[in-house]
Structure formats: structure tokens, C-alpha cells
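Reader: Could you take me closely through the salt bridges of this chain, with attention to where the paired side chains sit?

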Amino acid sequence: MLDSVVRRPQRLLFALIAFMVVVFLTTYLSLSSWGSEQVRAHFESLKATFNKNGTQVGSLPSHDLVSTTASSGQPSRTFMQGVNTIEDLKKYATRGADGNLYPPKFVPSEVNHMPRAKAGFIVLVRNNELNDMRKSMRDDEPFTEEFKQGVKKMTRSEVRFGFIGEDMWGYPDWIDQKYAAEQRKKMASGFFWRHNLTMDLDYYWRVEPGIQLFCDLDYDPFVFMEMNDKKYGFTISLHEYIKTIPTLWQRTKEFMSKHPDYYAKDHALHFMTDEPEKLLEPGYNMCHFWSNFEIADLRFWRGKQYTEYFDYLDKAGGFFYERWGDAPVHSIAAVLFLNRSQIHHFNDIGYYHGPWTHCPLNRANFHDNGKCICNPEDSADYNDFMCMKEWWRTSIEGDPNQLNGTVS
């Protein structure tokens with residue numbers, strides 16, 4: 001046989017080429033889910049061609065994300081085949097150390113194939129905040145074309161621009177305008193969940209001009225919210241100033257006295273009072289979620305409880321006569337109307353909005369691997385003005401810095 005090869009060296013060359021092709025394909029398919037997707041697509045194309053010509057071809061086996069081959073025990077299929085809903089996706093979720101389900105982690109090209117929540121980023125901003133907006137939207141006039149193009153250049157995703165009309169931020173008929181003008185205008189964000197631009201969305205992430213995000217987020221936070229039935233998410237909680245909301249708690253007590261059935265079965269009142277068993281009677285400790293960052297379910301704001309609560313507060317006039325903002329109003333509503341399990345602290349999202357910073361403290365999980373670029377020592381979580389301790393005593397997960405695991 002050796003003599004035959006020597007006499008015909010081209011056979012050795014052909015054998016070597018065939019061997020290298022086999023090694024290349026084997027390596028490529030084992031390391032690249034995208035590559036195996038392409039090969040499978042070509043097989044499907046050939047199958048369709050043969051079928052079109054009348055040739056009977058056996059169907060390729062169908063595999064899901066975790067199916068294995070009998071010979072190797074290795075995953076035989078790429079990702080997300082047969083996954084069409086959030087419920088389907090739950091089978092492949094990872095349970096973090098905090099007890100919540102986290103969607104699978106994918107490279108960006110793969111994420112495009114997974115089920116998406118109906119969600120978007122909501123920004124309240126003016127034209128003169130273009131530069132701050134581009135680093136990271138409340139209108140006083142229609143957006144200029146310069147502003148629109150400047151924002152669009154920063155993303156390949158769909159961007160919608162809308163105008164917040166006077167009916168959403170101006171004075172209602174029942175407000176004493178002269179007195180209110182000496183106080184404050186109601187925040188325009190109070191009505192964003194009723195704005196036409198948001199009506200086809202289920203979830204939103206509120207973004208402020210000039211904020212900073214410090215950590216790579218390798219899962220879809222909107223899918224996370226839907227997968228775990230979360231309705232409200234935040235990064236920073238802190239105390240409100242009593243002078244800005246002197247009568248808000250009393251108005252809330254009045255409203256809840258008329259609707260005692262609106263309390264959630266497992267409400268989160270321990271965040272706002274030391275004696276949650278007494279409901280609103282002990283008084284308000286002024287803790288609230290800082291709403292310049294919030295990821296939330298728009299259907300919660302559009303629901304019966306919050307809509308009636310907001311309308312009651314609107315009629316009371318405190319948005320104008322005092323300084324009621326969306327942060328304490330959103331926070332009180334979430335604590336009263338949602339179960340504890342439906343409120344989530346996004347500890348893994350490093351965030352800055354002057355003057356406060358939240359930075360995950362676990363160095364092994366977030367810093368040694370380069371996932372976050374913030375300094376844990378800058379995190380204000382344990383600052384006395386913060387309310388994270390009050391949240392941790394209330395939440396089901398507890399203090400994430402006391403957990404062990406990939407999410408902490």
C-alpha cells in the first residue's frame with residue numbers, strides 16, 4: 001500500500017485535504033451554535049429542494065435546547081427551537097441565589113431569536129438636553145429635527161418621539177392656579193402610562209439624561225420581569241423630604257379606608273413602616289424607590305387600583321399645592337397594591353444619578369470578571385439616607401450581599 005501511495009502522491013494529498021475538512025467542520029460545529037444553525041439551514045434547504053423535485057426525504061430530527069445525542073451525550077441542537085412563549089423559556093432559565101428565575105445568557109446575535117416582551121425605554125427630556133441624552137425625554141415644545149437625528153444616531157432600534165400636551169401637565173379646572181403657581185407644577189410623568197406612544201407596550205425602562213450604567217447586562221430585563229411576574233423594579237431607594245409631601249400619607253389613608261380590599265395579600269408595607277401589621281396607622285418613614293430608574297409593568301399603572309388612587313390624589317391637588325412627585329406616589333402604590341415578590345431590586349445593574357451611586361458589592365461576581373466598572377466603595381446602599389436596609393428586611397430575597405451564587 002505504501003508503494004502505491006509513493007507511486008501516486010496525489011492520493012496522499014487528497015486524503016490530507018479530506019482529513020483537514022473533517023477536522024475543520026467538527027471544530028466549527030462544536031464551538032459555534034451559529035455555525036451549526038447555518039449547516040442545519042442548508043440541510044433544510046436541500047430537503048425542500050429534493051421534496052420539490054418529488055424525491056422523498058426523511059425529516060430532520062427535531063431537538064430543543066437541552067436535548068442530547070445518544071452517542072456523545074452532548075447537546076445535539078442549537079438554541080431556542082420550540083421556544084415561542086415566556087412559559088417555554090422558563091424551562092431553560094437559571095435560578096439565581098436570590099431565588100428568582102433568570103433568562104438564559106446569550107450573545108447578542110442569539111438574543112434576537114428569543115421571545116421578547118412588549119417593552120421600551122421611556123425618557124422625559126427637553127431639546128436642550130440632547131448632549132446629556134446621548135450620554136445616557138418631559139417636553140416643553142415639539143422636538144427639533146436636530147434632536148431627533150441626534151438621538152437616532154445612538155441606536156439601531158425604533159425611536160418614537162411624542163409631545164406631552166398641556167392636558168397632561170397643565171392645571172385642571174379644580175386647581176387654584178394662583179396658589180399652585182407659587183408651589184409647583186405636577187410632574188408630567190404622572191400621565192406617561194396613558195400617553196399614546198406607550199399604549200402598545202407592556203413594560204418600560206425609564207431613562208434620565210446624564211445617568212450612567214456601569215455593568216454589562218447579559219439577559220433581557222423585560223423577559224425577566226414577565227418570567228417572574230415582577231411589576232416594579234428599582235436600583236436605589238432613599239428617604240423623601242417631609243416638606244415635599246406633608247399630606248400625601250394622610251390622603252393615602254383616606255383613599256385606602258374607602259378601598260380596604262385593595263391591599264395586596266402579601267403587601268410590602270414593612271418597607272415604609274416598622275409595624276406593617278397596623279397598615280398605614282403607624283405613619284410613614286419617608287422611604288421610597290428612586291424613580292429616575294425604574295423598570296415596570298405599564299399594565300400595573302393602568303390597572304384599577306393605581307388609576308383610582310392616582311385620580312384621587314390628582315383631585316386632592318397635592319401635585320400642585322405641595323411637591324408630590326412620581327417617586328413617592330409610585331412607591332406607595334407598589335408597596336400597597338403589589339405582593340412583595342412582585343417588586344425587584346436590580347442589584348446587578350450598577351447605576352449613577354447624581355449624587356447617588358448603586359454598585360454591586362460582590363467583587364467575584366461583578367468586578368474581578370470585568371462585568372462592572374464601578375467602584376463598590378462608591379455605592380450608597382448602606383448610607384444612612386438610603387432605604388436599602390428597610391427594603392432588605394421586607395423583601396423575600398433579603399440582602400443580596402449576604403447571598404452566595406452567581407447573582408448577588
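Author: In this predicted model, E254 and R251 form a salt bridge in which the closest N and O atoms are 3.3 Å apart. Both residues belong to helix α11 (residues 248-258), and because they are three residues apart there, about one helical turn separates them. Neither end is given as buried, since E254 is partly exposed with a relative accessible area of 24%, and R251 counts as partly exposed at 30% relative accessibility.

A pair that reaches across the sequence is E397 with K230, whose side chains meet in a salt bridge at 3.5 Å, N to O. E397 lies in the segment after α17 (388-394), while K230 lies in the loop between α10 (221-227) and β6 (232-234), so this salt bridge ties together parts that are 167 residues apart in sequence. Here E397 is buried, its relative accessible area being 18%, and K230 also counts as buried, at 2% relative accessibility.

The pair of R299 and D297 has its closest N and O atoms 2.9 Å apart, and its two ends fall into separate classes, for R299 counts as partly exposed at 38% relative accessibility, whereas D297 is buried with a relative accessible area of 0%. These two residues also belong to a network of salt bridges that links them with D202, D229 and K231.

For the chain as a whole, the count comes to 15 salt bridges. As for confidence, the mean pLDDT of the chain is 76, and 62% of its residues reach 70 or more; over residues 136-140, however, the pLDDT is below 50, although this stretch has 24 contacts in the model beyond near neighbours in sequence.

Conventions: Residues are numbered from 1 along each chain as its sequence is written. This is a predicted model: local features need pLDDT of at least 70, side-chain atom pairs count only at pLDDT 80 or more; totals for chains, interfaces and linings use all residues. Side-chain values use heavy atoms; hydrogens and water are left out. pLDDT is the predictor's confidence in each residue, from 0 to 100. Contact means heavy atoms within 4.5 Å. A salt bridge is a side-chain nitrogen of Lys or Arg within 4 Å of a carboxyl oxygen of Asp or Glu. Helices (H or I, at least four residues) and strands (E, at least two) are DSSP runs, numbered from the N terminus. Buried means under 20% relative accessible area, exposed over 50%, partly exposed in between (1.4 Å probe, protein chains only).
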